[in-house]
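Reader: I would like a close look at one part of this model, followed by an account of how the rest is put together around it. Please start with a single residue and work outwards.

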Amino acid sequence: MGLILIPLLLVIFIFYMVCFVKFILLIVSKQILLKQCLLGCLLSILIYTSIIFYFILNQSIYAFEPIFLVITFMFIIPGVFVCIFFLVSINKTNNIFNILLASILFSGILSVSTFSLIFDYLEKMKIIDYYY
């Protein structure tokens, strides 16, 4: 699994850095609003809590399943939409692009800072059980 996971994490890290640079450029040019940033943060929190509730309801999960689901739902799917909205770049999609960009950035901060804490706690309290 490491042969799949390490290149995937590397690609996600590079994509995250590109999104970070684009976000900084939007802030400097004052094209992103605080409301869009807050909606992106809220979207990230909703996706993250729904992933955690999925695992709590499932109770028995594969060892690498949390990593792949977090990467897929918090980075890859919003990343595809960001790329589409960046290529289309119509004024109506500008708000969605900014919200998804903020969501990806906050998802990175949220998942890196809380991923191991939450899943270690859930495993310690016997709420979820990993199988290998």
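Is Lys30 buried or exposed, and what is its relative accessible area?

Author: A caution comes first: this is a predicted model, and the values below are computed from it.

Lys30 is exposed, with a relative accessible area of 70%. The residue counts as exposed because 70% is over the 50% cut-off. Lys30 belongs to the loop between α1 and α2. Its backbone deserves a remark as well: the phi angle is near 55°, a positive value in a residue that is not glycine. As a general matter, most residues other than glycine have a negative phi.

The loop has its place in a chain with 4 helices and 2 strands. Going along the sequence, the order of these elements is α-α-β-α-α-β. The C-alpha atoms fill a box of roughly 50 × 30 × 20 Å along the principal axes. Of the 132 residues in the protein, 35% are buried. The exposed surface comes to about 8,400 Å², with 76% of it supplied by carbon and sulfur atoms. Among contacts with a separation of 6 or more, 77% join residues 24 or more positions apart.

The helix that follows the loop, α2, spans residues 34-58, and four of its residues illustrate a range of burial. Gln36 is in α2 and is a polar residue by class. With 5% relative accessibility, Gln36 counts as buried, because the cut-off for buried is under 20%. Leaving out residues up to four places away in sequence, Gln36 touches Gln31, Asn95, Asn98, Ile99 and Ala102. Of these partners, Asn95, Asn98, Ile99 and Ala102 fall within the span of α4, residues 94-124.

Further along α2 is Ile45, which counts as partly exposed at 38% relative accessibility. Beyond the residues up to four places away, Ile45 touches Phe106 and Leu110. From Ile45 to Ile6 there are 39 residues along the chain, and their C-alpha atoms are separated by 25 Å.

Phe53 and Phe55 share helix α2 but fall into opposite classes. Phe53 is exposed, with a relative accessible area of 53%, whereas Phe55 is buried, with a value of 0%. Phe53 lies 34 residues from Leu87 in sequence, and their C-alpha atoms are 34 Å apart. For Phe55 and Leu122, which are 67 residues apart along the chain, the C-alpha separation is 9.3 Å. Apart from residues up to four places away, Phe55 touches Ile61, Glu65, Pro66, Leu69, Phe119 and Ile128.

Phe55 leads to the interior. The largest nonpolar core has 32 residues, and Phe23, Phe55, Met74, Leu101, Phe119 and Ile128 have the most contacts inside it. Helices α1, α2, α3 and α4 each supply at least two residues of this core. The greatest contribution comes from α4, with 9 residues. Two of the core residues just named, Phe119 and Ile128, are also among the partners of Phe55.

Leu101 gives another view of this core. Apart from neighbours within four places in sequence, Leu101 is in contact with Cys19, Lys22, Phe23, Leu26 and Val82. Phe23 thus appears both as a partner of Leu101 and as one of the residues with the most contacts inside the core.

On the other side of the loop in sequence is α1, residues 2-28. Pro7 has its place in this helix and counts as partly exposed at 41% relative accessibility. Pro7 and Leu105 are 98 residues apart in sequence, with their C-alpha atoms 20 Å apart.

Helix α1 also takes part in the largest pocket. Rolling a probe the size of a water molecule over the atoms shows where empty space is left. The largest pocket has a volume of about 380 Å³. Its lining is made of 14 residues, and those nearest the centre are Leu9, Phe75, Gly108, Ser111 and Val112. At least two lining residues come from each of α1, α3 (65-88) and α4. By class, the lining consists of 12 nonpolar and 2 polar residues, with no charged ones.

To return to the starting point: Lys30 is an exposed residue in the loop between α1 and α2, and both of these helices supply residues to the largest nonpolar core.

Conventions. Residues are numbered from 1 along each chain as its sequence is written. This is a predicted model: local features need pLDDT of at least 70, side-chain atom pairs count only at pLDDT 80 or more; totals for chains, interfaces and linings use all residues. Side-chain values use heavy atoms; hydrogens and water are left out. On a 1 Å grid over the protein atoms alone, a cavity is a set of points where a 1.4 Å probe fits but cannot get out, and a pocket is an open set with protein on both sides within 12 Å along at least five of seven lines; lining residues have an atom within 4 Å of a point. Grid points are joined across faces, edges and corners, and a volume is the space filled by probe spheres set on the points. A nonpolar core is a set of buried Ala, Val, Leu, Ile, Met, Phe, Trp, Tyr and Cys residues joined through side-chain atoms within 4.5 Å. Buried means under 20% relative accessible area, exposed over 50%, partly exposed in between (1.4 Å probe, protein chains only). Contact means heavy atoms within 4.5 Å. Accessible areas come from the Shrake-Rupley method with a 1.4 Å probe; for residues, only the protein chains shown count as cover.
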